[in-house]
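Morning, everyone. Let's walk through one model together. Please have the viewer open.

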Amino acid sequence: MSESAADRVFRIEGLTARVGAIDILHGVDLEVRPGEVHAVMGPNGSGKSTLSHVLMGRPGYEVTGGSVTLDGVDLLALPTWQRARAGLFLALQHPTEVPGVSLESVVAEAARAAGRPTEGIHDLLVAEATRIGFDERFVSRPMNVDLSGGEKKRNEMLMLGALEPKYAVLDEIDSGLDVDALAAVSRRVQEATEEDGLGVLAITHFSRLLEVLEPDRVHVLAAGRIQAVGGTELAQRLEVEGYAGVLAEAGASVGLPVGVTHPDNHEAGFGEDPFADPTA
Ligand SMILES: Nc1ncnc2c1ncn2[C@@H]1O[C@H](COP(=O)(O)OP(=O)(O)OP(=O)(O)O)[C@@H](O)[C@H]1O
Ligand SMILES: [Mg+2]
C-alpha cells in the first residue's frame, strides 16, 4: 500500500494517562508532520516526560483515553520495540547506563530487528560522532556507563543519527550539553529534519536549542494539558517572563497535574521495564 506524503503524520489526540493512581495527562493534542519541529515547554512536573514515556510505551504509565498514530499506525496497541520499529525514537531525559553492552551493539541489534544491514554500522557511528564533534571511542564503550551528563546526551544523538527514525521525541536533549555540543547537536537534529524529513517533538526548558532548530510551533504543557501554542516568540517570552503570565493569559495556572499530591512517590509498579536500570 503506498502512502502519500499528505498521509504522513504523528498524531496525538486527546491523550490522557495515569501513573499508579495519579492522573498526569489530561488530554494532550499534538500533530507533527515530517520535517517539522514542535517544541514542548512547561514547568517542572507538568507532564512532559510522562508524555514521552507514554508515547514510547513505558510500563507503569497507563493510557486512559485518546489515541496516538504514526503514519496511520495505532502506536498504543504496540509494545515499545514495535513502536521503535514503526519509526519512533525517544531520546531519554535520563539515559540508562547499560554495563557490558556498547552503543554499537545496541544500534546493530536495532538494525537487525528492523531487517536492515548491520555491516558498516561502526563506520556510520564514527561518522555520526564526527558530525557532532564527539570522540569515536564512545561508540565501543559500555553504553552510558560512567559518562558525564552531556556525553550521555550525545550518545542519544548518535543513536538518533544512526537509526534514522521517522519521528523523534527529544526529552531535554539540550540539558547538560556545553555550548559547543549544544550547537552541534541542534544542528545535527536540524539536518535530519531537512535531509531525512525527520519530524521532531523537542521537549526543552530553553529557547537556545530552538535558535538552531527553529520550531514550527511552540506548545506550553502545564498541568497535563497544552495550555498555549505559538511561534518562537513564545519561547523567548517564557524565558524572560516565566510561566505565570503566559499561563494566566491562557486561563491556566502553573502547578502539578490535577491529582498529583506526592510528586516524589514513584512507586507505580513497573514490572518488565525496558527503560529500567539493569543494575538496580
Ligand atoms: N512513576 C511515578 N509515580 C508517581 N508520580 C509520578 C511518576 N512519574 C511521574 N510522576 C509525577 O508526575 C508529574 C509529572 O512528571 P514528569 O516527569 O512528566 O514532569 P516533567 O514535565 O518532565 O518535569 P521536568 O521539567 O522536571 O523534567 C510529577 O509530579 C511527577 O512527580
Ligand atoms: Mg521531564
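Start with one pair of residues. Ala91 stands opposite Leu170 in E9. Keep in mind that this is a predicted model.

Ala91 belongs to strand E6, residues 88-91. How do E6 and E9 pair? They pair in the parallel sense, over four bridges. E9 covers residues 167-171.

Now look at the side chains of E6. Leu88 and Leu90 point one way. Phe89 and Ala91 point the other way. All four are buried. Here is the general pattern: in a regular strand, side chains alternate between the two faces of the sheet.

Zoom out. E6 and E9 sit in an open sheet of six strands. Read the order with me: E6-E9-E10-E3-E11-E12. The pairing is mixed. Which strands stand at the edges? E6 and E12, the latter being residues 225-230. Each has a single partner strand, so one side of each is left without a neighbour in the sheet. From one strand to the next, the twist averages 20 degrees.

Go to the other end of that order. E11, residues 217-222, pairs with E12 in the antiparallel sense. Five bridges join these two. One residue to click on is Val218: its bridge partner in E12 is Gly230.

What lies across this sheet? Helix H1, residues 48-56, lies across E3, E6, E9, E10 and E11. H1 runs at about 145 degrees to E9. For your selections, E3 is 37-41 and E10 is 199-203.

Next, the other sheet. This open sheet has four strands, in the order E2-E1-E4-E5. Its pairing is antiparallel. The edge strands are E2, 22-32, and E5, 73-74. Each of them pairs on one side only.

Inside this sheet, E1 and E4 run antiparallel. How many bridges join them? Eight. E1 is residues 10-19, and E4 is residues 61-70. Find Thr16: its bridge partner in E4 is Gly65.

Last stop, two helices. H4 is residues 121-131, and H5 is residues 149-163. They pack with their axes 9 Å apart. Their angle is about 125 degrees. Angles over 115 and up to 145 count as oblique, and H4 and H5 are therefore oblique to each other. Their crossing is right-handed.

Who makes the contact? From H4, Ile121, Leu124, Leu125, Glu128, Ala129 and Arg131. From H5, Leu158, Gly161 and Ala162. The contact residues divide into six nonpolar, one polar and two charged.

That's the tour. Over to you.

Conventions. Residues numbered from 1 in each chain as written. Chains lettered and ligands numbered in written order. Predicted model: local features only at pLDDT ≥ 70, side-chain atom pairs only at ≥ 80, totals over all residues. Pairing = 2+ DSSP bridges. Buried ≥ 20, exposed ≤ 12 C-beta atoms within 10 Å, placed from the backbone. Axes fitted to C-alpha atoms, helices over the stretch in contact; angles between N-to-C directions. Parallel < 35°, antiparallel > 145°, perpendicular 65-115°, else oblique. Left-handed = near helix turned anticlockwise from the far one by under 90°. Contact = placed C-beta atoms within 7 Å. Nonpolar A, V, L, I, M, F, W, Y, C, P; charged D, E, K, R; others polar.
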